[in-house]
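Hi,

Here is the structure I promised to pass on. Have a look at it first, and then read on for what turned up.

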Amino acid sequence: MESLADKERLPRDIVAMRVAKELPDGSYVNLGIGIPTMVSSFVPEGRTVFYHSESGILNCGPLAEEGNEDIDLINAGGQYLQIIDGMSFFDSAEAFAMIRGGHVDVTVLGSHQVSATGDLANWMLPQRGVGNVGGAMDLATGASGVIVAMEHTDRNGEPKIVQECTFPLTGKGCVYLIVTDLAVIECDGHGLTLKEVAPGWTPEEVQQLTGAILAISPDVKEFEL
Amino acid sequence: MISVPDNPSTNGKLYPSGKDALEGISIGDTVLVAGFARCGIPQKLLQALSEIEVSELTLICQGAWVQESTDFTIADLVATGKIKKIISPMPFHPVYGGLVKKAWESGNLELEIVPQGVLAERLRAGGAGIGGVFLPSGAGTRFAEDKEKRLYDGREHVLEFALKADYALLRAEVADTLGNMVYQATSRNWNPTMAMAAGVTVAEVDTVHEPGGIDPELVITQAIFIDRLVLSD
């Protein structure tokens, strides 16, 4: 029998593409580092999404072309950007007022763990002794909703979706949707509902690699892109 | 008696060198340093600070996670051994680590991690004469342990006290001799907030105009917050 650990999962860009479908037209969105950064490449045609960056920008555009980098124009990951029409700049306190005040509609973050009640633990691996918290705490509490985009299991094959987080928390009950390389899972603050599975995977197989109990939606289906 | 430490006449705030502009900085002082990643770092002032006889400093900054660059950064300052502690949301690069991580691992540097938006609001409170603020950020996490909590709008908020420092090292593209300042894109970052929250504020600028050289509508940081200016080259 084929082991689930070796079974083919969805690539990162497909995970990003599935997340992109969730961004409403006209929304203000903050994208974290990793898979979330890739989401902006896949926003469906006809939709406009405005990106917010903690570095002090609304309406972030594409990365600068090589040779045309402006050292004064960076995103939160330190990458150089192009200037585009409609862009605006502000200071760090205002950047976080936009987040904390609920003006940013959606935040997409990576995570180490997500719990059954939507707790997020993404800023620190306990064995490192110190964590780079950055703006994660504020993004988790402030944004009107957090979508987590991540691999379903960690490097050792351990579930990243767990009954209760064992790593230091970033925010309590802030996650409303989890998109992984195996599944789309809704979180209502009380429990998790499996809505979609990767092609070739059954809900039971996804449950085996999940550390929390999943309610299986009656209309569970294959990943919809 | 009201004391007015700086003469705000023409050139009153412009100092001849970084070292001169940092006069008075003392052992054990707390220093705010503006900048976000590689952007808007007051490099000349950091370098000047590294050449001054001072020690046991506490730095408050966004981070020191610049890797492989010819810039003079907070990491270079840490390497001089003058820094006792860094208060920051992201003291070193999560993957590349660098000099700050090494200093911390060898026990020569103390780190205090503060969420970025909490740091911004504590500094803003400090600069605006507010004793503290209740913030939802960090509620239910280890950052809320042993802190006073209140419910507002049905959500838990955590009391965070204001934060002020002895000095602030800032950077702007343009200033006038009174200290009004304008920034370039994301190099604005921590500058306006930090400019309000320190006893002595020192800004490194590329260009200095006479008063009237900056459209008043465009001023981002007002002269009242700036004590000393120095040209970046």
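Let's start with a hairpin in chain A: strand 11 and strand 12 of chain A make it, with four residues between them, and Gly189(A) in the turn has a positive phi of about 95°. Before you read too much into that angle, keep in mind that this is a predicted model.

The two arms of the hairpin, strand 11 (residues 183–187) and strand 12 (residues 192–197) of chain A, pair in the antiparallel sense over five bridges. If you want a spot to click on, Glu186(A) sits opposite Thr193(A) in strand 12 of chain A. Strand 12 of chain A is also joined by five bridges to strand 13 (residues 214–222) of chain A, and that pair runs parallel. There, Glu196(A) faces Lys221(A) in strand 13 of chain A.

Elsewhere in chain A you'll find an open sheet of three strands in the order 7-6-9, with mixed pairing. Its edges are strand 7 (120–121) and strand 9 (161–162) of chain A, each of which pairs on one side only. Strand 6 (residues 113–115) of chain A runs parallel to strand 9 of chain A, and two bridges join them. Val114(A) has Ile161(A) in strand 9 of chain A as its bridge partner.

Now for chain B, which has an open sheet of its own: three strands in the order 5-7-6, with antiparallel pairing. Strand 5 (132–135) and strand 6 (149–152) of chain B stand at the edges with a single partner strand each, so one side of each has no neighbour in the sheet. On average, neighbouring strands in this sheet are turned by 35° against each other, direction ignored. Strand 5 of chain B is joined by four bridges to strand 7 (residues 155–161) of chain B, the two running antiparallel. Gly132(B) is the residue opposite Phe161(B) in strand 7 of chain B.

What lies across strand 5 and strand 7 of chain B? That would be helix 5 (residues 116–128) of chain B, which runs at about 150° to strand 5 of chain B.

There is parallel pairing in chain B too. Strand 8 (residues 165–176) and strand 10 (residues 198–209) of chain B pair that way over ten bridges, and Ala175(B) is opposite Val208(B) in strand 10 of chain B. Strand 10 of chain B also pairs in the parallel sense with strand 11 (residues 228–231) of chain B, over four bridges. In that pairing, Ala203(B) is opposite Leu229(B) in strand 11 of chain B.

On to charges. Side chains of opposite charge can pair when their charged atoms come close. Over all chains, the structure holds 16 salt bridges. One of them links Lys85(B) and Glu112(B), with the closest N and O atoms 2.9 Å apart. Lys85(B) lies in strand 3 (residues 83–88) of chain B and Glu112(B) in strand 4 (residues 110–113) of chain B, so this pair ties together parts that are 27 residues apart in sequence.

Finally, the interface. Chain A puts 40 residues into the contact and chain B puts in 41 residues. The area buried between chain A and chain B is about 3200 Å², and carbon and sulfur atoms give 61% of that. Asp72(A), Arg100(A) and Asn132(A) supply 20% of the area that chain A buries against chain B, more than any other three residues.

How many salt bridges does the rule find across the interface of chain A and chain B? Just one: Arg100(A) with Glu121(B), where the closest N and O atoms are 3.3 Å apart. As for polar contacts, the count between chain A and chain B is 14 residue pairs, both residues being at pLDDT 80 or more.

On the side of chain A that touches chain B, the elements giving two or more residues are helix 3 (92–100) and helix 4 (136–142) of chain A. Helix 3 of chain A gives the largest share, five residues. By class, that side of chain A has 18 nonpolar, 14 polar and eight charged residues.

Cheers

Conventions
Residues are numbered from 1 along each chain as its sequence is written. Chains are lettered from A and ligands numbered from 1 in the order in which they are written. This is a predicted model: local features need pLDDT of at least 70, side-chain atom pairs count only at pLDDT 80 or more; totals for chains, interfaces and linings use all residues. Side-chain values use heavy atoms; hydrogens and water are left out. Contact means heavy atoms within 4.5 Å. Buried area is the accessible area (1.4 Å probe) that two parts lose on being put together, summed over both. A salt bridge is a side-chain nitrogen of Lys or Arg within 4 Å of a carboxyl oxygen of Asp or Glu. A polar contact is a pair of N or O atoms within 3.5 Å; within protein, one must be able to donate a hydrogen and the other to accept it, and residues adjacent in sequence count only if both atoms are side-chain atoms. Ala, Val, Leu, Ile, Met, Phe, Trp, Tyr, Cys and Pro count as nonpolar, Asp, Glu, Lys and Arg as charged, and the others, Gly among them, as polar. Two strands pair if DSSP finds at least two bridges between them. Axes are lines fitted to C-alpha atoms, for helices over the stretch in contact, and angles run from 0 to 180 degrees between N-to-C directions.
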